[in-house]
Amino acid sequence: MKKVGIIGAGKIGGSLLTRLAESGDYDLGVSDVHAEQLAPYAKKYGMRTTSSNLELAEQSDLLVVAVKPWDVATVMAQVSPAFNGSGKAVASVAAGVSIATISENLPLGTAVLRVMPNVCASVGLGSAVVTANEAGRASVPMVLEIFGHVGDVMELPERLFDAATALHGSGPAYVALFADALIQAGVREGIPRDVARRLVVGTIEGTAVLLKERSAHQVRDEVMTPGGTTAAAFVAMEKAGFVGAIYDGVNAAAEQSRGLGK
Ligand SMILES: NC(=O)c1ccc[n+]([C@@H]2O[C@H](COP(=O)([O-])OP(=O)(O)OC[C@H]3O[C@@H](n4cnc5c(N)ncnc54)[C@H](OP(=O)(O)O)[C@@H]3O)[C@@H](O)[C@H]2O)c1
């Protein structure tokens with residue numbers, strides 16, 4: 001059984017830990033600076049927990065680092081001795097922190113992977129992309145399998161990671177913003193808030209299923225009767241710069257991600 005250690009039992013690390021524990025396929029360990037974040041994993045799943053990142057690294061075949069981007073360098077420096085002459089690999093989920101930057105604090109030739117997941121992993125419907133340095137290539141199948149437990153996962157070259165971070169990493173927040181605006185619009189038209197919420201959430205859920213089967217244009221055309229209500233809405237939304245705002249938002253997020261890596 002592969003030994004997988006996760007540093008950082010927060011939103012992403014926690015989602016991964018729960019799903020991997022439920023699969024029963026891995027020998028899991030977790031570390032975090034907050035002891036109270038670790039207790040539930042020891043209690044519910046009998047997982048190995050520690051406040052020492054180095055101890056966890058020593059006990060793991062694959063180390064997943066799920067701390068904020070600005071904490072990555074500190075964590076890598078702490079765990080570095082465990083990678084000396086070992087066959088271990090480390091996978092970081094941090095936005096904007098490149099393989100080159102991660103490697104600066106690790107022994108030469110360490111297997112390093114990057115994963116960009118999203119928060120939908122917490123309900124098993126996440127999306128994630130994976131990339132690796134030369135030494136990490138052999139660990140790609142294992143990392144694809146691990147993140148496959150929390151959703152859809154695919155390989156992507158590292159040069160596109162900032163774009164992917166902006167697209168699907170931040171994506172759930174854009175959809176939540178859109179959902180909130182739609183609910184408020186329904187309320188403005190007189191629909192009770194709880195009914196508006198139910199209608200909007202159901203619409204997003206159903207549309208996601210439709211979009212798996214057909215293109216966005218096909219879905220649009222099925223709804224949009226010539227001269228009808230949806231066509232009127234599209235004209236008004238376009239005049240207000242709806243599509244342009246999305247391009248600009250994703251571009252701003254990608255630039256922000258590029259900045260994190262500097
Ligand atoms: N959340 C998302 O939607 C999302 C999506 C894609 C990628 N990511 C990436 O995933 C990473 C984790 O994000 P998150 O939202 O899961 O963060 P989070 O909820 O803040 O979880 C990180 C956890 O690690 C702890 N920690 C900080 N420094 C540590 C250290 N030196 N050793 C051990 N534990 C430490 C944190 O404690 P403190 O709270 O005290 O710092 C916190 O408990 C980030 O780099 C982010 O870029 C997040």
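**Figure 1. Surroundings of the ligand in the predicted model**. The ligand is surrounded by 28 residues, and the closest are Gly8, Gly10, Ile12, Ala94 and Ala95. Two elements, α1 (residues 11-23) and α4 (residues 72-79), give two or more residues to this shell. Helix α1 gives the most, with 3 residues. By residue class, the shell around the ligand divides into 14 nonpolar, 10 polar and 4 charged residues.

**Figure 2. Strand β2 and its parallel partners, β1 and β3**. Strand β2 (residues 27-31) has 4 of its 5 residues buried and is therefore largely enclosed by the rest of the structure. Strand β1 (residues 3-7) pairs with β2 in the parallel sense over 5 bridges. Within this pairing, Asp27 of β2 is the bridge partner of Lys3. Together, β1, α1 and β2 make a right-handed β-α-β unit. Strand β2 also pairs in the parallel sense with β3 (residues 48-50), over 3 bridges, and Ser31 stands opposite Thr50 in β3. Between β2 and β3 the chain passes through helix α2 (residues 35-45), in a β-α-β crossover that is right-handed.

**Figure 3. Strand β7 between β6 and β8 in the pairing pattern**. Strand β7 (residues 126-132) is mostly covered, as 7 of its 7 residues are buried. In a regular strand the side chains alternate between the two faces of the sheet. In β7, Gly126, Ala128, Val130 and Ala132 point one way, whereas Ser127, Val129 and Thr131 point the other way; all are buried. Strands β6 and β7 run antiparallel and are joined by 4 bridges, with Val129 in β7 as the bridge partner of Met116. The pairing of β7 with β8 (residues 151-155) is parallel and comprises 5 bridges. Here Ser127 stands opposite Asp152 in β8. The connection from β7 to β8 runs through helix α6 (residues 140-148), and this β-α-β crossover is right-handed.

**Figure 4. Val115 in the largest nonpolar core**. This core holds 53 residues, of which Val64, Val65 and Val115 touch the most other members. Strand β6 gives the most to the core, with 5 residues. When neighbours within four places in sequence are left aside, Val115 is in contact with Ala91, Val93, Ala128, Val130, Val143 and Phe147.

**Figure 5. Buried residues of helix α7 and their cover**. In α7 (residues 161-169), the buried residues are Phe161, Asp162, Ala164, Thr165, Ala166 and Gly169. The elements that cover them include the strands β6 (residues 111-116) and β7 (residues 126-132), together with α8 (residues 171-188) and α12 (residues 242-260).

**Figure 6. Phe178 in helix α8**. Phe178 has 14 C-beta neighbours inside 10 Å and so counts as partly exposed; the buried class would require 20 or more. From Phe178 to Ser51, the C-alpha to C-alpha distance is 39 Å, and the two residues are 127 residues apart in sequence.

**Figure 7. The whole chain as context for the close-up views**. The secondary structure comes to 12 helices and 8 strands. The C-alpha trace spans about 70 × 40 × 30 Å along its principal axes. The chain has 262 residues, of which 34% count as buried. Among contacts between residues at least 6 apart in sequence, 65% join residues at least 24 apart.

Methods
Residues are numbered from 1 along each chain as its sequence is written. This is a predicted model: local features need pLDDT of at least 70, side-chain atom pairs count only at pLDDT 80 or more; totals for chains, interfaces and linings use all residues. A residue is buried if 20 or more other C-beta atoms lie within 10 Å of its own, exposed if 12 or fewer, and partly exposed in between; C-beta atoms are placed from the backbone. Two residues are in contact if their C-beta atoms, placed from the backbone, lie within 7 Å. A nonpolar core is a set of buried Ala, Val, Leu, Ile, Met, Phe, Trp, Tyr and Cys residues joined through C-beta atoms within 7 Å. A residue is near a molecule or strand if its C-beta atom, placed from the backbone, lies within 6 Å of it. Ala, Val, Leu, Ile, Met, Phe, Trp, Tyr, Cys and Pro count as nonpolar, Asp, Glu, Lys and Arg as charged, and the others, Gly among them, as polar. Two strands pair if DSSP finds at least two bridges between them. A crossover is right-handed if, with the strands pointing away from the viewer, the path from the first strand over the helix to the second runs clockwise.
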